[in-house]
Amino acid sequence: MVFSKRKMKHFLIIGVLLVFGICFYKSWSNPPTILTNFKENYLDNKHSANHQHHSASNNEQQQALVGNEFYTNSNDDAENNNVNILNNDFKNELNQAYKRIDLLESKIKELERRIPKKHPDVRFLNYKNRKRILITGGAGFVGSHLVDVLMMQGHEVVVADNFFTGRKRNVEHWLGHENFELIHHDIVNPLFIEVDEIYHLASPASPPHYMYNRVKTIKTNTLGTINVLGLAKRVGAKVLIASTSEVYGDPTVHPQPETYWGHVNPIGPRACYDEGKRVSETLSYAYAMQENVNVRVARIFNTYGPRMHMNDGRVVSNFILQALQNESITIYGNGKQTRSFQYVSDLIDGLISLMASNYTQPVNLGNPIERTIYEFAEIIRDLVGGKSKIIQTPAVEDDPQKRKPDITRAKKYLNWEPRVPLKIGLEKTIEYFRKELARSNHSQRNIFIPDVE
Ligand SMILES: NC(=O)c1ccc[n+]([C@@H]2O[C@H](COP(=O)([O-])OP(=O)(O)OC[C@H]3O[C@@H](n4cnc5c(N)ncnc54)[C@H](O)[C@@H]3O)[C@@H](O)[C@H]2O)c1
């Protein structure tokens with residue numbers, strides 16, 4: 001059961017009042033033992049003193065009031081005895097009170113832990129500057145980072161996701177925020193909602209995920225894109241389509257500029273994704289030309305960072321997880337194929353700049369620094385600090401040999417280029433996977449099983 005923050009506070013206050021009430025009632029119904037003990041001891045001592053010294057019975061007993069207790073100076077020994085008893089009883093009572101306070105403090109802490117944490121402080125935007133932004137696939141890796149930035153900027157963000165590869169946990173820190181809404185929705189079905197901008201990110205992105213249900217991948221990228229463009233048309237929203245470097249296939253031009261048409265096998269294992277994204281681009285420009293929809297197309301190259309899926313299955317996550325678990329790092333083929341990786345925060349800057357720009361042609365967003373797969377394996381192993389062996393396995397069908405973006409367009413029209421150095425980005429990502437592994441070991445769920453064939 002999920003309680004609102006306000007309700008949890010009420011529960012906390014009621015809980016504390018209840019505990020105090022019980023303590024008060026207990027001490028009231030059982031008169032303070034200090035007084036009873038003292039009186040009993042006092043009477044005993046008095047009795048023995050009278051018995052021993054009853055010849056001196058002429059001594060007048062003077063009574064003085066000390067606090068709530070009666071005090072007599074008729075006998076010095078008895079008096080000292082009583083004072084000692086009083087001191088000891090006080091100490092005992094005090095210790096018991098300290099124990100009760102400790103108990104209460106730990107109960108309060110436990111209740112406080114159950115109160116949802118405060119949302120991050122977002123910027124305030126007045127209604128003229130504040131936009132309603134839909135992010136399809138916003139519970140995924142890239143989408144959730146985009147949610148964070150747009151929320152912090154003060155916009156209203158609606159996430160529509162079917163949670164195929166995304167997780168509520170990626171956006172749970174925004175649940176309950178007045179500017180945030182999460183809708184469980186599959187984008188192959190139409191969505192009716194009022195928004196100013198749409199980032200269409202819904203689609204599995206890694207080969208094991210998009211090959212898992214190839215027909216569904218094609219539907220998401222075709223029917224899903226039609227639904228998003230139809231929505232944009234109806235409400236006059238600007239829409240950004242997340243395309244991919246895979247539209248270039250196994251490229252024959254290197255690096256790849258946006259003007260390159262690609263080299264894609266239409267019936268290969270990657271076709272459901274590659275061709276799906278190519279149709280998605282075609283649809284976007286068809287809606288732009290025919291229906292005047294304001295479209296932006298980002299061709300995203302390999303991206304890495306925290307919140308990547310444990311079973312992403314691509315180079316960075318595979319290598320990090322194998323190194324963290326002291327397993328052999330497996331390379332498909334000879335390891336001489338090259339890749340370039342951008343850190344997720346760089347991509348988010350690029351997506352937001354593209355949406356804000358007036359540039360309507362496709363734009364490559366990626367890091368042009370190229371490395372061989374073998375180099376990546378070595379860098380990751382060294383950063384993790386393990387002693388994993390690097391081993392080669394047979395090459396994968398249609399695995400591109402080279403991938404490197406030409407980012408001249410992004411630099412020129414968006415004034416954008418990646419800034420996060422590989423080592424910094426990898427360290428953050430390794431830390432994230434380290435924590436994920438600790439979580440999964442603890443719960444025995446979501447355990448990563450490296451895909452070594
Ligand atoms: N991460 C990369 O390196 C990369 C590279 C190129 C392109 N892209 C593109 O960026 C976008 C986001 O990729 P990601 O890495 O965050 O992937 P991801 O798998 O982490 O996120 C995709 C999100 O879309 C959701 N989704 C999938 N099918 C859906 C459907 N039918 N309806 C509603 N939601 C659906 C998933 O549940 C998930 O939350 C994708 O469109 C992907 O093709 C990513």
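Me: What kind of crossing, left-handed or right-handed, does α8 make as it passes α10?
Reply: In this predicted model, α8 goes past α10 in a right-handed crossing.

Me: Why is α8 called oblique to α10?
Reply: Helix α8 (residues 315-324) and helix α10 (residues 373-384) pack at an angle of about 40°, with their axes 9 Å apart. Angles under 35 degrees would count as roughly parallel, and 65 to 115 as roughly perpendicular. An angle of about 40° fits neither class, so α8 is oblique to α10.

Me: Which residues make that contact?
Reply: From α8 you get Val315, Phe319, Ile320, Ala323 and Leu324. From α10 come Ile373, Phe376, Ala377, Ile380, Arg381 and Val384.

Me: What classes of residue does the contact of α8 with α10 have?
Reply: It has 10 nonpolar residues, no polar ones and 1 charged. Arg381 of α10 is in the contact, and Arg counts as charged.

Me: Now the ligand. Which residues come nearest?
Reply: Gly137, Gly140, Val142, Thr165 and Gly166, out of the 30 residues around the ligand. The elements giving two or more residues to that shell are α4 (141-152), α6 (214-235) and β7 (238-244). The largest share, 3 residues, comes from α4.

Me: What is the make-up of the shell around the ligand by class?
Reply: The shell has 13 nonpolar, 15 polar and 2 charged residues. Gly counts as polar here.

Me: Where does pLDDT stay under 50?
Reply: Over residues 31-36, with 7 contacts beyond four places in sequence, and over residues 48-72, with 19 such contacts. The protein chain averages a pLDDT of 86, and 83% of the residues score at least 70.

Technical notes. Residues numbered from 1 in each chain as written. Predicted model: local features only at pLDDT ≥ 70, side-chain atom pairs only at ≥ 80, totals over all residues. pLDDT = per-residue confidence, 0-100. Contact = placed C-beta atoms within 7 Å. Axes fitted to C-alpha atoms, helices over the stretch in contact; angles between N-to-C directions. Helix = DSSP H or I, 4+ residues; strand = E, 2+ residues; numbered from the N terminus. Parallel < 35°, antiparallel > 145°, perpendicular 65-115°, else oblique. Left-handed = near helix turned anticlockwise from the far one by under 90°. Near = placed C-beta within 6 Å.
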